[in-house]
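Here's a quick briefing on a sheet and a pocket. Have a look at the model first.

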Amino acid sequence: MGAADAWSATAIKMTKNADNTFSYTFKDLAAGTIYRMKITNGTWDSNWGFSAVQNAPAGVVGDTDGNIVFELAEKGNVDVSFNGVNIILQGNFTDEEPIKPIH
């Protein structure tokens with residue numbers, strides 16, 4: 001997850017689970033902040049953004065760069081799971097889209 005020009009392909013390492021999926025929990029994220037994220041394999045050569053989100057929750061959208069974009073309704077956690085193809089997000093997202101979505 002990045003802010004402004006602070007993007008890093010290796011900023012947060014996900015945990016590899018026994019079933020060969022990966023997961024990470026962003027803890028205590030502030031409400032009212034727009035967050036953007038992508039998943040990489042450690043470099044920008046392979047990355048997964050909004051097009052990989054499976055059953056995107058209301059309020060989770062993609063921007064023109066393909067990032068996953070969301071805002072939380074209240075301070076809380078966001079759980080991210082990745083199986084190498086699809087991303088699943090869980091959190092208390094706002095129902096309103098934080099930006100105009102791309103389709």
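The notes below cover the ground rules, then the sheet, then the pocket.

This is a predicted model, where local features need pLDDT of at least 70, side-chain atom pairs count only at pLDDT 80 or more, and totals for chains, interfaces and linings use all residues. Residues are numbered from 1 along each chain as its sequence is written, and side-chain values use heavy atoms, with hydrogens and water left out.

**The sheet**
- Four strands (DSSP E runs of at least two residues, numbered from the N terminus) make an open, antiparallel sheet in the order S1-S2-S8-S9.
- S1 (15-16) and S9 (87-91) are the edge strands, each pairing on one side only; pairing takes at least two DSSP bridges between two strands.
- S1 runs antiparallel to S2 (residues 22-29) over 2 bridges, and Lys 16 sits opposite Phe 22 of S2.
- S8 (residues 76-82) pairs with S9 over 5 antiparallel bridges, with Ser 81 bridging to Ile 88 in S9.
- The S8-S9 hairpin has 4 residues between its strands, and there Gly 84 takes a positive phi near 95°.

**The largest pocket**
- A pocket here is an open set of points on a 1 Å grid over the protein atoms alone, where a 1.4 Å probe fits, with protein on both sides within 12 Å along at least five of seven lines; lining residues have an atom within 4 Å of a point.
- The largest pocket's volume, the space filled by probe spheres set on the points, is about 460 Å³.
- Its lining counts 22 residues, and Ile 12, Lys 13, Met 14, Ile 39 and Thr 40 lie nearest the centre.
- S2 gives the largest share of that lining, 3 residues.
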